[in-house]
Amino acid sequence: VVDVKLEAVASKPYARLVVTDDHPDGFADLAHAYTLFAESEKKGDTARRGRFNLGEKLVLALCESARITSTRGTVVFSERGRMRPPGSRASGTEFSAIVRMTRGELEEVLASVQQVIPPDNVVTVVNGVEIPRRKPAKVIAEAFLQTEVADASGSLRRKYQDTMVEIYVPRQGEKATLYEMGIPVMDLGDDPYHVNVMQKVPLSMERDAVTPGYLRDVRAAVLDHMHEKLSTEQARGKWASDAIEESVNPEAVKTLVAKRFGEKAVIYDPSDREANNIATARGFTVISGGAFTADAWDKIKSAEAVLPAGQVTPSPRPFHPDGEPLKLVPQDEWSPGMATYAAMVRRLALELEGIDILVCFTQDRGWKFGAAYGKLAERAGTMTVNAGRLGASWFEPGNLSDQLGLFIHELGHHYGHHLEESYHEALCRIGGKLAAAALDRPEWFRR
């Protein structure tokens with residue numbers, strides 16, 4: 001049992017602090033209470049806090065006076081210096097002190113101490129009220145994290161090893177916090193969970209910060225084991241961008257990208273710019289290169305969490321400089337329906353927009369476009385129609401609506417791509433002119 005009492009001293013800006021425990025051994029060496037950088041028995045054990053006998057000294061530096069009574073004696077700190085009066089305890093230790101503290105600071109301390117996560121085998125009481133135990137949302141049995149441990153010569157070294165990590169859901173009003181064996185270390189910002197590392201955390205001398213690299217490792221462990229429980233908002237946090245760089249779970253990477261950008265997402269493809277426009281027009285989210293760091297992109301691509309636009313919504317590659325040209329159908333092999341459609345397209349484009357269109361046909365069923373348009377000059381273009389994909393019946397007289405729809409769609413590309421306003425303005429203009437022409441020149445549409 002650890003019993004803590006922190007109460008204001010009447011009419012003075014001070015507080016009285018008394019901390020008592022019932023550990024059978026008490027202080028192993030009472031001199032450690034006032035000897036800085038003494039040899040610490042804890043530094044060789046990663047499962048115990050403490051490194052340089054620094055903790056007690058940080059507390060004593062804030063006290064006006066203090067007394068420590070343990071199984072091996074008593075030591076008193078006052079304005080007259082340090083004394084070793086007689087007296088000891090049968091078990092455990094009692095630390096009592098007068099601390100300069102305002103009422104506001106006292107309330108802040110009492111609120112902060114409620115963040116402590118007590119071990120299951122220790123009851124912690126503050127001013128008569130036990131700090132409630134918390135149930136972890138997840139216990140990671142083995143997380144590969146850096147720690148500090150003494151080597152054969154007694155010098156502290158940092159090394160990676162497996163450790164248990166407890167994940168907790170923050171209570172209402174709490175900020176996600178990094179813990180070292182139940183003791184708060186630092187605020188984690190927009191992270192979704194408290195993270196309690198059950199071994200020594202490599203801390204700064206002030207014991208209130210870790211390195212960015214260590215934080216990425218911790219966040220990656222959280223992502224790898226908690227990815228399925230993340231909300232969309234949590235997946236979009238800065239913490240997740242750090243986590244993905246060190247993640248070792250491809251499924252976690254896939255989940256994060258899907259929750260962040262949706263199931264329909266592609267990577268911006270600089271090698272096929274039109275593919276990016278096609279993807280946007282089809283409702284995909286196009287993820288820019290700046291959305292993640294280079295290390296994060298390596299993880300995303302390795303997990304195949306999202307593909308480049310050029311692989312999902314490719315532009316008509318036969319017209320790309322690096323593309324393989326389509327095999328065109330010689331004009332003398334056109335079917336009557338193909339010849340009639342080509343003549344109608346050429347006539348309508350010239351009459352409606354003053355554009356001379358060269359119509360070509362291919363029978364490439366592997367090419368997944370029904371048609372494609374290329375602008376050759378200010379008043380000239382080419383329209384390639386994929387008869388192999390459309391099928392022979394598409395060219396029959398009864399399919400005029402689809403035939404004209406394809407014509408309008410492709411001729412609009414003379415003025416821009418799918419996402420440009422000029423393209424949509426062209427579609428409206430061509431459609432209007434086509435309707436007027438159908439009334440004035442119905443013979444143009446008879447088959």
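**Close-up views of a predicted chain**

**Figure 1. Serine 11, an exposed residue in a loop.** Serine 11 has a relative accessible area of 75%, so it counts as exposed. Keep in mind, as you look, that this is a predicted model. Where does serine 11 sit? Serine 11 belongs to the loop that links strand S1 (2–8) with strand S2 (14–21). Its backbone is worth a second look: serine 11 is not a glycine, yet its phi is positive, at about 65°. Most residues other than glycine have a negative phi.

**Figure 2. Glutamate 304, a second residue with a positive phi.** Here phi is about 55°, and again the residue is not a glycine. Follow the chain from helix H8 (294–303) towards strand S16 (307–308), and you will meet glutamate 304 in the loop between them. Is glutamate 304 buried or exposed? With a relative accessibility of 59%, glutamate 304 counts as exposed.

**Figure 3. Alanine 143, a buried residue in a strand.** Now turn to strand S9 (residues 138–150), where alanine 143 is found. Buried means under 20% relative accessible area. Alanine 143 has 4%, so it counts as buried. Which residues does alanine 143 touch, leaving out those up to four places away in sequence? They are Gln161, Asp162, Thr163, Val165 and Ala221. Take glutamine 161 as an example: 18 residues separate it from alanine 143 in sequence, while their C-alpha atoms are 7.9 Å apart in space.

**Figure 4. Helix H1 and strand S13, the two ends of the confidence range among the elements.** Helix H1 (residues 55–60) has the lowest mean pLDDT of the elements, 74. Strand S13 (residues 194–197) has the highest, 97. For the chain, the average pLDDT is 89, and 93% of the residues score at least 70. Where pLDDT is low, the predicted coordinates should not be read in detail.

**Figure 5. Stepping back to the chain around these views.** The chain holds 13 helices and 19 strands, and its C-alpha trace spans about 120 × 50 × 35 Å along the principal axes. The radius of gyration is 37 Å, whereas a compact globule of 447 residues would have one near 22 Å. What percentage of the residues is buried? Buried residues make up 44% of the 447. Of the contacts between residues at least 6 apart in sequence, 58% join residues at least 24 apart. The chain carries 55 positive and 62 negative charges, and the mean positions of these two groups are 3 Å apart.

How values were computed. Residues are numbered from 1 along each chain as its sequence is written. This is a predicted model: local features need pLDDT of at least 70, side-chain atom pairs count only at pLDDT 80 or more; totals for chains, interfaces and linings use all residues. Side-chain values use heavy atoms; hydrogens and water are left out. Helices (H or I, at least four residues) and strands (E, at least two) are DSSP runs, numbered from the N terminus. The radius of gyration is taken over C-alpha atoms; the globule rule is 2.2 Å times the number of residues to the power 0.38. Buried means under 20% relative accessible area, exposed over 50%, partly exposed in between (1.4 Å probe, protein chains only). Contact means heavy atoms within 4.5 Å. Lys and Arg count as positive and Asp and Glu as negative; His and the chain ends are not counted. The place of a charge is taken as NZ of Lys, CZ of Arg, CG of Asp or CD of Glu. pLDDT is the predictor's confidence in each residue, from 0 to 100.
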